[in-house]
Amino acid sequence: MSWVEAVARLKERFECEAGNLRHGIASIPASEIASQYYCEQKVEMEYTVGGIETEAKVEGEVLHNTLIRMKKTKIDAIVRGIQKRKVYAASFPLGTGFNGVFLVGIPDVVVFLRSRPAFVLELKTTRGDTSKLWKDQAVQAQVYGLLLDQMAFDCSRLKLVVARLKRNGLTYEGRKKEFLQQVMIALLGDSCEELERRYQGSLRVHTFDYNRQEANDAVTWAQDYWLMRREAVPTKNPLKCKACEFRDLCPLSLWKGDTNDRISSVEKR
């Protein structure tokens, strides 16, 4: 199957997939896999306790609604853009089968150069040190690479990019498109260091290669939880427990402090 056919069939595959995974979900979002590498027990609590909106759940809902709204003309327009433009940037749903599960996700931006994905770009905000790239963020980007790879795109030179932006009181959502455009221009012009200097430490652009084996290994470990081959693995970092909204309910929590303790100064990592 070509990547053109894979893109065209995405809506059909998504809607026909049965919900045979843990918690009755039909497909596994890339952001959910990333969350497993932060703390898998927290993922479990999000489903068993419920009532708390999570990034992964939001992504799943957005993905589903986006796929429902995607008409053939829009899919055709994306395909034409990838095929005909020398440089084409788009954010659109990705989905593929992998070892008996269906993986899905919507990267912030995929930049294509002559029909080949050159960059997958994700923008993350933080109150802490932008120079740190956390494993869950790297895994999420690798899964997006795997989605493109499995959809038959040429990912032989694909770079994964996680831009970490310090909040600093900035209105993030309103300026997300602006930040993404700035990073894209810097990537294409090989001027990321100059862009970082302009932000004086408030922005760091982490770039690394897509690695098929690393992505395969990350998803293979994660999918065993969804296929109910093992139970959730909790974090070993008590600071994550301290910052977790489930810390007073989780039986595996490592945080034993005052339940009224303030956590605003602890970055959620």
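**Helix 3 and its partners**

Helix 3 and helix 6 run roughly antiparallel to each other. This follows from the crossing angle of their axes, roughly 150°, because angles over 145 degrees count as roughly antiparallel. The structure is a predicted model. In this model the two axes come within 8 Å. The crossing of helix 3 and helix 6 is right-handed. Helix 6 spans residues 135–150. On the helix 3 side, the contact involves Ala30, Ser31, Ile33, Ala34, Tyr37 and Tyr38. These residues meet Lys135, Asp136, Val139, Gln140, Val143 and Tyr144 of helix 6. An α-helix has 3.6 residues a turn, so residues three or four places apart point the same way.

A second partner is helix 9, residues 212–226. Its axis and that of helix 3 come within 11 Å and cross at roughly 10°. Helix 3 is therefore roughly parallel to helix 9, as angles under 35 degrees fall in that class. Helix 3 contributes Glu32, Ile33, Gln36, Tyr37, Glu40, Val43, Glu44 and Tyr47 to the contact. Helix 9 contributes Asp217, Ala218, Val219, Trp221, Ala222, Tyr225 and Trp226. Ile33 and Tyr37 appear in the contact with helix 6 and also in the contact with helix 9.

Helix 3 itself is not straight. A kink of about 120° is centred on cysteine 39. The end-to-end distance also falls short. Helix 3 covers residues 30–48, 19 residues in total. Its end C-alpha atoms are only 20 Å apart. A straight helix would reach 27 Å at 1.5 Å a residue. Of the 19 residues of helix 3, 16 are buried, so this helix is largely enclosed by the rest of the structure. Buried here means under 20% relative accessible area. Just after helix 3, glycine 50 adopts a positive phi of about 70°.

Positive phi values also occur in two loops between strands. Asparagine 99 has phi near 50°, a positive value in a residue other than glycine. This asparagine lies in the loop between strand 3 (94–98) and strand 4 (101–105). Serine 115, likewise a residue other than glycine, has a positive phi near 75°. The loop that holds serine 115 lies between strand 5 (109–113) and strand 6 (116–126). Serine 115 counts as partly exposed, because its relative accessibility is 23%.

Note on methods: Residues are numbered from 1 along each chain as its sequence is written. This is a predicted model: local features need pLDDT of at least 70, side-chain atom pairs count only at pLDDT 80 or more; totals for chains, interfaces and linings use all residues. Side-chain values use heavy atoms; hydrogens and water are left out. Helices (H or I, at least four residues) and strands (E, at least two) are DSSP runs, numbered from the N terminus. The expected span of a helix is 1.5 Å times one less than its number of residues. The bend at a residue is the angle between axes fitted to the seven residues ending there and the seven starting there. Buried means under 20% relative accessible area, exposed over 50%, partly exposed in between (1.4 Å probe, protein chains only). Axes are lines fitted to C-alpha atoms, for helices over the stretch in contact, and angles run from 0 to 180 degrees between N-to-C directions. Angles under 35 degrees count as roughly parallel, over 145 as roughly antiparallel, 65 to 115 as roughly perpendicular and the rest as oblique. A crossing is left-handed if the near helix is turned anticlockwise from the far one by less than a right angle, and right-handed if clockwise. Contact means heavy atoms within 4.5 Å.
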